[in-house]
Amino acid sequence: MKDSPKGLRIFLTIINIVIIFFCTACTLLMLFSVLFQHYAKQDKLIFGHHLYINTNNNLKPVMNENDIIIVKPTSITAIKLGDFLCYYPASSDEQEVQFGKIEEINTNEISLSDKAGHNTVLSISDIVVVGKATTKISQLGKAVLFFQSASNRISFYLSVGAITLLLLAITFLLHIKIKSRQEQLEIERQAMQSDSKTFSYTLDDLLEVEDAISFEKAPKPRTEEDVLFKR
């Protein structure tokens with residue numbers, strides 16, 4: 001069964017769409033990781049919010065490990081019960097943020113709970129409140145952590161390049177196959193037109209052929225009377 005040019009074109013279109021989406025997704029993923037690392041190091045705001053990677057499962061399933069948590073800067077006076085507080089110990093030099101669900105707020109103390117229901121009472125003077133968690137991006141932190149390693153980045157670039165070249169090679173071969181099939185169909189079409197011209201006759205041609213053919217008159221059938229007279 002011969003390949004249909006229409007079917008090949010559809011397959012070629014699908015391959016082109018896959019290439020576009022694949023390259024776009026990889027570019028956005030790398031760009032996001034680079035920007036995240038840049039802003040995270042300087043603790044800058046992105047569209048008025050902080051972005052942090054959750055490093056534990058203490059608040060699972062609300063916050064899972066490697067989720068990117070979007071934090072809105074909020075003062076301690078604007079925090080309400082049930083909010084998820086983002087903070088870090090005032091004595092910490094690394095400023096590694098932590099999260100906890102607010103269960104109780106007093107004048108000098110704040111009570112936070114985890115998924116197991118364990119409460120931790122902290123002195124407000126011992127913590128630095130960053131804000132409250134508003135939403136999350138599930139598991140995107142894995143990509144950010146992956147790109148922090150130079151060897152991982154090189155492996156990713158090589159893999160993306162190899163897959164892109166493979167898809168481009170398939171696209172090139174499909175172009176060649178479609179062009180070859182079109183040329184073959186054109187040859188077949190021209191051959192069919194040539195054959196139809198060979199066996200096509202006009203009405204004038206048929207009349208000329210009929211005039212050129214001579215017919216002998218058929219002998220008149222003899223009757224019984226003719227036979228008797230002959231005898």
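1. Two strands count as paired if DSSP finds at least two bridges between them. Helices (H or I, at least four residues) and strands (E, at least two) are DSSP runs, numbered from the N terminus. The model is predicted: local features need pLDDT of at least 70, side-chain atom pairs count only at pLDDT 80 or more, and totals for chains, interfaces and linings use all residues. Residues are numbered from 1 along each chain as its sequence is written, and side-chain values use heavy atoms, with hydrogens and water left out.

2. Overall layout. The chain holds seven strands and five helices. Their order along the sequence is α-β-β-β-β-β-β-β-α-α-α-α.

3. Strand E7. E7 (residues 127-137) pairs with E2 (residues 68-73) through six bridges, in the antiparallel sense. Within this pairing, Val71 faces Ala133 of E7. E7 also runs antiparallel to E3 (residues 84-89), joined by five bridges. There, Cys86 sits opposite Gly131 of E7.

4. Helix H2. Which residues of H2 (residues 140-147) are buried (under 20% relative accessible area, 1.4 Å probe, protein chains only)? They are Gly141, Ala143, Val144 and Phe147. These residues lie on the same side of H2 because they cover an arc of only 155 degrees around the axis. The arc is taken from the directions from the helix axis to the C-beta atoms.

5. Whole chain. Of the 231 residues, 24% count as buried. Among contacts (heavy atoms within 4.5 Å) with a separation of 6 or more, 58% come from residues 24 or more positions apart.

6. Surface. About 16,700 Å² of the chain is exposed area (Shrake-Rupley method, 1.4 Å probe). Carbon and sulfur atoms supply 60% of that area.

Notes. Buried means under 20% relative accessible area, exposed over 50%, partly exposed in between (1.4 Å probe, protein chains only).
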